[in-house]
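Thanks for sharing this one with me. Here are my notes, point by point, to read alongside the structure.

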Amino acid sequence: MNRSSEQGPEVTIRRVGREDVDFVVKDMDLALANSFRRVMIGEIPTLAIDLVEIEINTSVLADEFIAHRLGLIPLESTLVDNLLFTRDCDCDQYCDKCSVELMLSARCTTDATMDVYTRDLMVTTVSQYNNYDNNNNNNLGQPICNDQEGKGILICKLRKHQELRLKCVAKKGIAKEHAKWSPTAAMGFEYDPWNKLRHTDYWYEEDANEEWPKSANCDWEEPPRENEPFDYNAKPNQYYFTVESAGSLKQHDIVMRGIDVLQKKLAGIIFELKVLDETSEKSRLDTEFQGTAYGQTPNPEYNWN
Amino acid sequence: MEDEVEEQSAQVLDPTKFKILPGASEDGSAASFQLMNEDHTLGYSLQYVIMKNPEVEFCGYSIPHPSEPKMNIRIQTYGKISAIDALESGLDNLIDLCDVVEEKFIEQVNSGNYKSEEP
């Protein structure tokens, strides 16, 4: 084993923006780096609107169109661990333990067009986890309004006498099921910016080096020497991540929770393995392994072939 | 932390999560396992750490059909340890590896040794 496996991976944060973090991980295998990427995009639980009960919709947009838009709105999810997945909850459809309710009610009474923004969505669930004194910053299910005016996302426009009245139920979920639950808006992932490993093939007209722009990460690695022979033993070793939050979770939270989710998956399997320990299958494998049951007739209940 | 993980797993204990597939060797040094609801996220990393074990001769994973949430993993050892032990130590090692990365990340965040843009 090389130096990397003894010391473990190294992390360098290069930049932290308003909703993104840019960091480099060194001395790690591509397999694990890619697992982190995948888990951060697709498997961190967040909150998103999942059910919409439309009471009145006289706007120009169809019900399902608005429902789809509502689903994609990022909702504050820092405290989402306090909620259950609906499938694990004992309620019939949804309840306070597994969902957050939001109301939207807007009616245009003037001649001017009225804009309905996400800030008009009101969280109606009184949750015990929310800290209402703290200026509503961490409240579960609060729509994210990160723009300068604090209006949030435009949901729809209403003409005079048009009305929109609906109830939304936000549930906990992961992006593997639907992308609306993804906490990451964009995920930058790069390794080997000089393409020394030939993992990619640049299309070109005359000269690939001339026609393709250099990656910003090229400054972090040695450029290839001229006529350098291809090193077929080389392995990627340095990974450039840019995690951009969609708003539901803080960028640092996405990274840390991503790792936690991966660990919980592993811990879950270890747990199942331990449960299996008590069943015949594993003990059979184990006793056989010690050589005591060598050559015995296989367990008739289990088809070994 | 460990108790917490255990508790959570106990809550979602799912007897169909893990299965030993037919095709294990008589002495238990080679076996195939099937994990439900897992994919490349776990598969590739797990294959990598298990292969890092010098006692392991072969480890590979596959997702037999894209429409089924199943992941099969095959482990063959040189005979000193059983396939299940190899899997278990692989899982443990991967958790440790994750711990290191998370620790270093938090350490870096707290050190404040980076450029930042305030809102």
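1. Let me start on the surface of chain A: Y202(A), W203(A), Y204(A) and W212(A) together form a nonpolar patch of about 500 Å². Patches join residues with over 30% relative accessible area and no salt bridge, linking like charges within 9 Å and nonpolar side chains (Val, Leu, Ile, Met, Phe, Trp, Tyr) within 5 Å; a salt bridge is a side-chain nitrogen of Lys or Arg within 4 Å of a carboxyl oxygen of Asp or Glu. Areas come from the Shrake-Rupley method with a 1.4 Å probe, and for residues only the protein chains shown count as cover.

2. A word on the basis: this is a predicted model, in which local features need pLDDT of at least 70 and side-chain atom pairs pLDDT 80 or more, while totals for chains, interfaces and linings use all residues. Residues are numbered from 1 along each chain as its sequence is written, chains are lettered from A and ligands numbered from 1 in the order written, and side-chain values use heavy atoms, without hydrogens and water.

3. Within that patch, W203(A) sits in the loop between β9 (184–191) and α4 (208–211) of chain A. Helices (H or I, at least four residues) and strands (E, at least two) are DSSP runs numbered from the N terminus. W203(A) has a relative accessible area of 61%, so it is exposed (exposed is over 50%, buried under 20%, partly exposed in between; 1.4 Å probe, protein chains only).

4. By contrast, V24(A), in strand β2 (residues 20–26) of chain A, is buried because its relative accessibility is 2%. Its contacts (heavy atoms within 4.5 Å), leaving aside residues up to four places away in sequence, include W220(A), Q238(A), Y239(A) and Y240(A).

5. For chain A overall, I see six helices and 10 strands, with 46% of its 305 residues buried. Among contacts with a separation of 6 or more, 74% join residues 24 or more positions apart.

6. Over in chain B, N53(B) occupies the loop between α2 (40–52) and β3 (56–62). N53(B) counts as buried because its relative accessibility is 18%. A polar atom of its side chain lies 3.0 Å from the backbone nitrogen of E55(B), and N53(B) also touches I81(B) and S89(B), again not counting residues up to four places away.

7. Lastly, an unreviewed UniProt entry lists residues 31–103 of chain B as "domain: DNA-directed RNA polymerase RBP11-like dimerisation"; such annotations may be inferred rather than shown by experiment. In the model, this span is 47% helix and 29% strand.

Notes. Polar contact = N/O pair within 3.5 Å; in protein donor to acceptor, adjacent residues only side chain to side chain.
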